[in-house]
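Opening a fresh page for this one. I want the overall picture before I look at any single contact.

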Amino acid sequence: MRKVQTILGFAAAAALTALPAFADSKSKPPAAPHVQAPKTTGKPTTAGKPATSSKPATASKPTTTSSKASSTTTTKSGSTTTTTSTTTTTPALNPIAAKISSKPQLNAKITGMLPGGISLNRASNGFKNQGQFIAALHAAQNLGCVTVTCFMKFKADMVQNGMSLGQAIQHAKATANATTEAQHAQSQANDDLSAAGSTSTGQSSTSTTTTQKNKNKKKITQTSGAK
């Protein structure tokens, strides 16, 4: 029983002791809870600078095209256009080439006989007349001298060295019968000119004159006999 009373006594004393503290707690406002600041770990990382975009590509300058015929220049005041024209000049034909070219049939035959790579104007330049040139061309072909180099040597003997057709033939081919070959080449040249309606100078004109004289003599003789 005493124990119970003792316990009750202690309980009553504890209650009396707690009342003032409880009253004080009601009269004072509750203190704000203490918030602990977050710990910092090292320096905060700073975001890198934003990448700057590269400069916009500038449009390339338009390409300008120029031609030989015209050219354009630009000045501060405006644009001016200057037109230039190019002209090509062909060398004038020598008299022999001009005569041969004027006759289509003869021109076709002679140009077909020329060595490859040489023009009619170059081949005939320097000869005295059509007959001499065409006879030289025939003689060279008859001897097998069909290249440009060979023909130009044959031509040089006649034009530059003053050789006759027979001498040039003899120089080109020592075993050839120069007289026979020269006569044959001359006859071929006369035939070409006759077919084209031309008359050559030299042997052809002489033979034509002689033939005409012979015909006239025959007519005179026949007339005398008839009387």
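My entries below go from confidence to fold to one helix pair.

Entry 1, confidence. This is a predicted model, so I checked pLDDT before anything else. The mean pLDDT comes to 72, and 48% of the residues reach 70 or more. I then looked up two stretches where pLDDT stays under 50. Residues 56-60 are one of them, and there the model has zero contacts beyond four places in sequence. Residues 62-76 also stay under 50, but for this stretch I find 14 contacts beyond four places in sequence. Where pLDDT is low, predicted coordinates should not be read in detail, and I'm leaving those contacts alone.

Entry 2, fold. I get nine helices and two strands. Read from the N terminus, the order is α-β-β-α-α-α-α-α-α-α-α.

Entry 3, burial and surface. Of the 227 residues, 23% count as buried. The exposed area is about 17,500 Å², with 58% of it supplied by carbon and sulfur atoms. I also looked up sequence separation: taking contacts between residues at least 6 apart, 54% join residues at least 24 apart.

Entry 4, a helix pair. I picked helix 3 (residues 104-113) and helix 8 (residues 178-195). How do they pack, in angle and axis distance? The angle is about 145° and the axes are 8 Å apart. On the helix 3 side I noted Gln 105, Leu 106, Lys 109 and Ile 110, which meet Asp 192, Leu 193 and Ala 195 of helix 8. Sorted by class, this contact has four nonpolar residues, two charged and one polar.

Conventions:
Residues are numbered from 1 along each chain as its sequence is written. This is a predicted model: local features need pLDDT of at least 70, side-chain atom pairs count only at pLDDT 80 or more; totals for chains, interfaces and linings use all residues. Side-chain values use heavy atoms; hydrogens and water are left out. Axes are lines fitted to C-alpha atoms, for helices over the stretch in contact, and angles run from 0 to 180 degrees between N-to-C directions. Contact means heavy atoms within 4.5 Å. Ala, Val, Leu, Ile, Met, Phe, Trp, Tyr, Cys and Pro count as nonpolar, Asp, Glu, Lys and Arg as charged, and the others, Gly among them, as polar. Buried means under 20% relative accessible area, exposed over 50%, partly exposed in between (1.4 Å probe, protein chains only). Accessible areas come from the Shrake-Rupley method with a 1.4 Å probe; for residues, only the protein chains shown count as cover. pLDDT is the predictor's confidence in each residue, from 0 to 100.
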